[in-house]
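The following note is intended for a colleague who is opening this structure for the first time. Please read the numbered points with the sequence and the model at hand.

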Amino acid sequence: MTINDLAINAPRSDYDPYADDNLLDPWAGYREMRDAGPAVWLNKYEMFALARYSCARRALEDWESFPSGKGVMMNDDMNRVLIGNTLCSDGQQHDVLRGVIARPLTAKAVRPLLGEFKAQAESVVDSVMAKGTFDAVSELAQHIPVSIVSNAIGLPEKGRERMMIWAEALFNCIGPVNDRTAQSFPALNEMMEYATNEAVRGKLKPGSWAESILDAVDRGEVPRAACPALMVDYMGPSLDTTISAISNAVWLFAHHPAQWDVIREDPSLIRGAINEVLRYESPIQGFSRYVERDVDMDGVLLPADSRAIVFYGSGNRDERKFADPDRFDVHRGANDQLGFGAGPHACVGMHLARIEMRALLTALASRVHRFEVVEAQRSLHNVLRGFSCLRVKVS
Ligand code: HEM
C-alpha cells in the first residue's frame, strides 16, 4: 500500500504551490489550502501541505513526530546531501551541533557588531540617497550581509563571491523535484566541494565563525566528517534570507507610505515592524518534515513515513491566527510569526538578522521620506520570497 492510499481522510488538491504563477503570487492558493483542511494532500507532489498557522507550528514544535534528521527538503537527492548538519538533525545530536553553530550568533555575541552595522548602514544609505534611484537589492540589501557577515564567517577570499549563487542554488534545491531544483544542483555540488576542500584549516580566516567549527572538531565535540555540512549552516542561510527580508521591507514600505510615516515618527517601532515584515512576506516560504509516526492533525491522518510541507508563509497569513492578515500593520505585535520558524530548529541566526535589519531601517528612517518603486522583478524561486531587482526612487 502506498502513502497515497494511506492518506485516506485527507482533503486532496491539484493545486501546485510551485507553479511559476503561484510562486509569484501565492496568497489565494495558500488560503485555498488552509480552507481545505488542517492538512491537504497535494496530488502532484504526494506530500501533505500544512498551511494553517496552528498545524505548521505543531509540526515545528513536535520534533519526535516530525523530525528533521531525515531531511527538511522536498526531494530525496537533496535530503541526502545535508543530513548531519544542524538543520537536518534531531535530539541530542542537534543540541550539540546547534551549540557549536550558535556560539557567535547568540544575542550577546552579535551585540558588538551593532556599531559596525550602524556605521555601514549609514554610509550605504547616504550613498544610495545621493543617487536618488537605485536597486534596493544589489545596492542596499546586499551590502551588510555580503561585506560584514561573509567576512565574519571567514571563508577564503577565493570563491567567496560565489556564495550568493550557491545560497540561491541551495534554497532552490530544498524544493520538490522540478526544473528549478534540477538546474540548481551543479552550483550546489560546487558549494559542497568548496565546503569540503577550501573551508579547511589554513585557508579560513583565523578566529572566524567557520574556523570555530574546526576548533570544535579538535576538541572532539563534533565529528570531522560533519564539517562540510556544518559549514553550509553558515554559508547557506546567512545571506539570501536577510537580503530578501530587507528588500521585502523596502517594497512593503514603498506600498504602505502611511506605515513608513509611523516608523519615521517613532523609530522605536522598528523592532516590531521587523516581525510584521517577516510575517507579511516571509523570506523562507516553506521547508518540509518527515512524518515519523501516524499523526492525527486535527482529524486528518498523516500516516507514518509520509512527508509534510510546512508553509511558514501561509501560516503567517492565516486568518484563524491573525486578524485581517492581509493588512500590513507595524503596530500588530506579531512576535509569534513563523518567519524564523519555531521549536527546536527556530532560526539560530535570528539575532544577527534582526540587528542587520534594524541598523538599515534606522538609517533609512532618518533619511528617506518616501520610497517609490520604479521597477520590481520578483525572483522565481522554490523557497525564497524576494526580488532579483527592486529599483526604487527615494525622496
Ligand atoms: C531574515 C533572515 C532569516 C530568515 C527569515 C531565516 C529563516 C529561518 C527559518 C524559517 C529556519 C527554520 C528551519 C526549519 O524549520 O527547519 C531557520 C533556521 C536556521 N537559520 Fe535562519 N533565517 C534568517 C537568517 C539567518 C542567518 C543570518 C543565519 C546565519 C548566520 C541563519 C542560520 C540558520 C541556521 C543554521 C538554521 C538551522 C537551525 C537549526 O536547525 O537548529 N539564518 N532560519
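1. The ligand takes up the space of the largest cavity. Elements that each contribute two or more residues to the shell around the ligand are α6 (91–102), α15 (240–255), β5 (287–290) and α19 (350–365). With three residues, α15 supplies the largest share of that shell. Please bear in mind that this is a predicted model.

2. What is the make-up of the shell by class? It has 15 nonpolar residues, together with nine polar and three charged ones. Of the 27 residues around the ligand, those that come nearest are H94, R98, Y312, H345 and C347.

3. Several polar side chains approach oxygen atoms of the ligand. In H345, an N or O atom of the side chain is 2.6 Å from a ligand oxygen atom. For H94, a polar side-chain atom lies 2.7 Å from an oxygen atom of the ligand. R289 likewise places a polar side-chain atom 2.9 Å from a ligand oxygen atom.

4. Is C347, one of the residues that come nearest to the ligand, buried or exposed? It falls between the two: C347 counts as partly exposed, because its relative accessibility is 29%, and the buried class ends under 20% while the exposed class begins over 50%.

5. How many disulfides does the structure contain? A search of the whole structure finds zero. C173 illustrates this result: the cysteine sulfur closest to its own belongs to C88 and is 13 Å away, which is too far for a bond, because a disulfide requires two cysteine sulfur atoms within 2.5 Å. C173 is also buried, since its relative accessible area is 0%.

6. C173 has a polar partner in N75, whose side chain reaches the backbone oxygen of C173 at 2.7 Å. N75 is located in the loop between α4 (53–61) and α5 (76–82). Although it lies in a loop, N75 counts as buried, because its relative accessibility is 5%.

7. A final point concerns W41, which belongs to strand β2 (residues 40–42). W41 is buried, as its relative accessible area is 0%. How far apart are W41 and E190 in sequence and in space? They are separated by 149 residues in sequence, and their C-alpha atoms are 34 Å apart.

Note on methods. Residues numbered from 1 in each chain as written. Predicted model: local features only at pLDDT ≥ 70, side-chain atom pairs only at ≥ 80, totals over all residues. Heavy atoms only, no water. Buried < 20%, exposed > 50% of the residue type's maximum accessible area, 1.4 Å probe, protein only. Near = heavy atom within 4 Å. Polar contact = N/O pair within 3.5 Å; in protein donor to acceptor, adjacent residues only side chain to side chain. 1 Å grid on protein atoms, 1.4 Å probe; cavity = no way out; pocket = protein on both sides within 12 Å on 5 of 7 lines; lining within 4 Å. Sits in = over half its atoms within 2 Å of the grid points. Helix = DSSP H or I, 4+ residues; strand = E, 2+ residues; numbered from the N terminus. Nonpolar A, V, L, I, M, F, W, Y, C, P; charged D, E, K, R; others polar.
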